[in-house]
Amino acid sequence: MKNVVSVYNTLSRTKEIFKPLNPPLVGLYVCGPTVYGDAHLGHARPAVTFDLVFRHLQHIGYKVRYVRNITDVGHLENDADEGEDKIAKKAKLDQLEPMEVVHYFTRRYHQDMDALNVLSPSIEPHASGHIIEQIQLIEQIIENGFAYSVNGSVYFDVLKYNNEHHYGKLSGRVLEDLLNNTRSLDGQDEKRNPFDFALWKKAQPEHIMRWPSPWSEGFPGWHLECSAMSARYLGNQFDIHGGGMDLMFPHHESEIAQSVAAHNTEPVNYWMHNNMITINGQKMGKSLGNFITLRQLFTGDHAALEQAYSPMTIRFFILQAHYRSTLDFSNEALQAAEKGLDRLLKAYALIPSLKAGEKSDSDVKRILDSCYQAMNDDFNSPIVIANLFEGVRIINSVSNNLESLTASDIDVLKSTFDTFVHDVLGLKADQANNINDDHKVGGLMELIIELRKNAREKKDFATSDKIRNMLSNLGIVLKDTREGTNWEIDK
Ligand code: ZN
C-alpha cells in the first residue's frame with residue numbers, strides 16, 4: 001500500500017504510523033448516540049469525523065468494519081451511577097414504551113445522518129440487544145477479582161485494578177486526585193470507593209427497563225456496553241476506538257479498565273478523540289439556551305439562527321477544522337462555510353466543460369499529492385480543503401481563458417475532485433438542488449404520472465390518490481393542468 005497513514009493516538013499522546021492488527025481489515029468502533037432526543041451539533045462532529053476516517057481508510061484500500069452503537073439502555077442522567085435512565089425518563093414524560101422512544105429517535109438520527117451524507121456503519125448494535133454479552137463480561141471481571149456484588153448490584157473495583165494496572169492512563173487523571181474530588185461515601189452507598197462504577201444495577205421497583213441476571217433483575221452500566229459490543233464484533237483487541245473528547249473520562253477510561261480486567265489485554269491500539277463544538281465561545285448545553293438540534297439548523301427554526309443551513313454546509317463547516325481542534329459555531333462562520341462550499345461545488349461542476357490547451361500553466365499533480373499527504377497525516381481535512389481551493393482558482397482561470405491546462409492535467413484535476421470532494425470529504429450538492437437535474441428522476445416521474453393517468457382513465461381513483469399521496473409524503477407535488485400533469489419538489 002503506497003499510502004502510509006499516521007494517526008494521533010490519544011493513549012500515547014503521539015502521532016503514530018497506523019498498522020492494522022489484521023490487514024487489510026481495520027476494526028473501528030465509535031460510541032454512538034443515546035437516543036432520547038434529536039441529534040445536535042455535538043453529535044454531528046464525531047459522526048462526520050469518523051465518517052471521514054471510514055471513507056479515507058476505505059479509499060486507500062483497507063476493508064473497514066465500522067461498528068457504531070446505539071445506546072438504548074443504561075445511560076443514566078448526568079452520566080452517573082444513580083438516577084433515572086435517560087430513555088426511561090423521556091418515555092415516562094411522553095407516556096411511551098422506552099423502545100418507542102428508541103425507535104423514534106433512532107429513525108430520526110438516521111435521517112439526519114443521511115442528510116449529512118454520513119455513510120451507514122457496517123454494524124449498528126443496540127446495547128439492549130447485547131445483555132447476554134454484558135452479563136458474561138461482568139462474570140469474567142468478577143472471576144478475575146476486579147468487581148464485587150452488593151445487594152444485587154455489581155461494581156468495578158477501581159482501587160484494586162489500579163494496584164495492578166493504571167486507571168487514568170487515557171485521560172491523564174490520577175486516582176488520588178479523583179479521590180479528593182469525589183464526594184465521600186455517605187454510609188448508605190454500596191460502593192467500596194466513591195470512584196468505583198456500576199457494571200450492573202439492581203432495578204428499583206419503578207425502573208421499567210430490566211433484565212434477569214445472576215445478581216438481580218436489573219440493567220447494565222453505561223460503560224460496559226461498549227466493551228461488550230466492541231469485543232463481540234471486533235474481538236478483544238481491535239484497531240481504532242473513536243468518540244468525542246467528552247467521553248474520554250470516565251466512559252473510555254472505564255472501557256479500558258473493564259476490557260483489561262476481563263481479558264488481560266489492551267482492547268484498543270489507537271484511540272481517537274474529536275474536539276468539542278462551542279457556540280459563540282460557550283459550551284453547548286440544554287440549560288445554556290444555545291442547544292441547537294440538526295433539524296433546527298436545517299430549517300433555521302431557532303432563535304440563535306439567522307437563517308437555515310443546509311446539511312452539506314454543516315458537513316463542510318465541520319470538515320474545515322481539523323478534528324482535534326475546537327470548532328466555534330456562529331452564524332458568520334456558517335455563512336462563510338456556505339459561500340465556500342458553493343464556490344467549491346460550482347468549480348467542480350465546471351470541470352467537464354473545461355477546454356484543453358497545448359500546455360499547462362499550473363502543476364495540478366501537486367494538488368493531488370498534497371491532498372493525499374494531508375489526509376494521511378492524521379486526516380487533516382482543512383489542508384485538503386485549502387488544496388482544493390487552489391484547484392478552484394485554476395478551474396476558474398482556465399474556464400475564463402486566463403490560463404491553460406492540457407487534457408491529461410484536466411483529467412488529474414477531475415480525479416482529484418472526484419476523490420477528495422466526493423469520495424473522501426463526502427461533499428455533494430444538497431439533495432433539493434440535485435433532484436431536479438437528475439435525468440433518472442425525471443424519467444421515473446414521467447412513468448409515475450403515466451401510471452396515475454391510466455388509473456384515472458379507468459376510474460381507479462384509489463390508485464391515483466395513493467400515488468398522489470405517496471409522492472406528497474416524499475415532498476413531491478403533482479399539478480394537474482390542461483396540458484397535462486407537472487411535478488415539483490415542495491420546498
Ligand atoms: Zn461508548
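**Sheet, zinc site and helix packing in the predicted model**

Helix 7, which comprises residues 222–234, lies across strand 3, strand 4 and strand 9 (238–244), and its direction makes an angle of about 160° with that of strand 3. This arrangement, like everything described below, is taken from a predicted model. The strands covered by helix 7 belong to an open sheet of four strands, whose order is 4-3-9-10 and whose pairing is parallel. Strand 4 (63–68) and strand 10 (268–274) occupy the edges, each with a single partner strand, so that one side of each is left without a neighbour in the sheet. From one strand to the next the twist averages 20°.

The pairings within this sheet can be followed strand by strand. Strand 3 (residues 25–30) and strand 4 are joined in the parallel sense by six bridges, and Val30 is found opposite Arg68 of strand 4. On the way to strand 9, strand 3 forms three bridges, again with the two strands running parallel, and Tyr29 has His241 of strand 9 as its bridge partner. His241 is in turn the bridge partner of Trp271 in strand 10, within a parallel pairing of strand 9 and strand 10 that extends over six bridges. Strand 9 is mostly covered, with seven of its seven residues buried.

Helix 7 also contributes to a metal site. The zinc ion is coordinated at 2.1 Å by the SG atoms of Cys31 and Cys226 and by the NE2 atom of His251, and the sequence spacing of these donor residues is C-x194-C-x24-H. Of these donors, Cys226 lies in helix 7 and His251 in helix 8 (residues 248–263), a pair that is 25 residues apart and links distant parts of the chain. Cys226 and His251 are both buried.

A second set of pairings involves strands 5, 6 and 7. Strand 5 (residues 147–150) and strand 6 run antiparallel and are joined by four bridges, with Tyr148 bridged to Tyr155 in strand 6. The hairpin formed by strand 5 and strand 6 has two residues between the strands, and Asn151 in this hairpin adopts a positive phi near 45°. Strand 6 also pairs with strand 7 (residues 197–202), in the antiparallel sense and over three bridges, and here Phe156 stands opposite Phe197 of strand 7. In a regular strand the side chains alternate between the two faces of the sheet. In strand 6 (residues 153–156), Ser153 and Tyr155 point one way whereas Val154 and Phe156 point the other way, and all of these residues are buried.

Among the helices, helix 1 (residues 41–59) and helix 14 (residues 407–424) have axes that come within 10 Å and cross at roughly 140°, which makes helix 1 oblique to helix 14. The residues that meet in this pairing are Leu52, Arg55, His56 and His59 from helix 1 and Thr419, His422, Asp423 and Val424 from helix 14. Helix 10 (residues 311–319) is mostly covered, nine of its nine residues being buried; the buried residues include Arg315, Phe316 and Phe317.

Val118, located in the loop between helix 3 (98–115) and helix 4 (131–143), has contacts with several of the elements described above. Its relative accessible area is 5%, and Val118 is therefore buried. When neighbours within four places in sequence are set aside, the residues in contact with Val118 are Ala47, Val48, Asp51, Arg68, Met113 and Arg315. Of these, Arg68 is the residue of strand 4 that stands opposite Val30, and Arg315 is one of the buried residues of helix 10. The C-alpha atom of Val118 is separated by 33 Å from that of Ile208, which is 90 residues away along the chain.

At the level of the whole protein chain, the secondary structure amounts to 17 helices and 15 strands, and the C-alpha trace spans about 80 × 65 × 40 Å along its principal axes. The chain is divided into domain 1 (5–274), domain 2 (278–424) and domain 3 (434–489), and the C-alpha centres of domain 1 and domain 3 are 47 Å apart. Of the 491 residues in the chain, 52% are buried. Among contacts with a separation of 6 or more, 73% are between residues 24 or more positions apart.

Key
Residues are numbered from 1 along each chain as its sequence is written. This is a predicted model: local features need pLDDT of at least 70, side-chain atom pairs count only at pLDDT 80 or more; totals for chains, interfaces and linings use all residues. Side-chain values use heavy atoms; hydrogens and water are left out. Domain bounds come from an automatic or database domain assignment. Buried means under 20% relative accessible area, exposed over 50%, partly exposed in between (1.4 Å probe, protein chains only). Two strands pair if DSSP finds at least two bridges between them. Axes are lines fitted to C-alpha atoms, for helices over the stretch in contact, and angles run from 0 to 180 degrees between N-to-C directions. Contact means heavy atoms within 4.5 Å. Donors are N, O and S atoms within 2.8 Å of the metal (3.2 Å for Na, K and Ca); water is not among the atoms, so sites may look incomplete. Angles under 35 degrees count as roughly parallel, over 145 as roughly antiparallel, 65 to 115 as roughly perpendicular and the rest as oblique.
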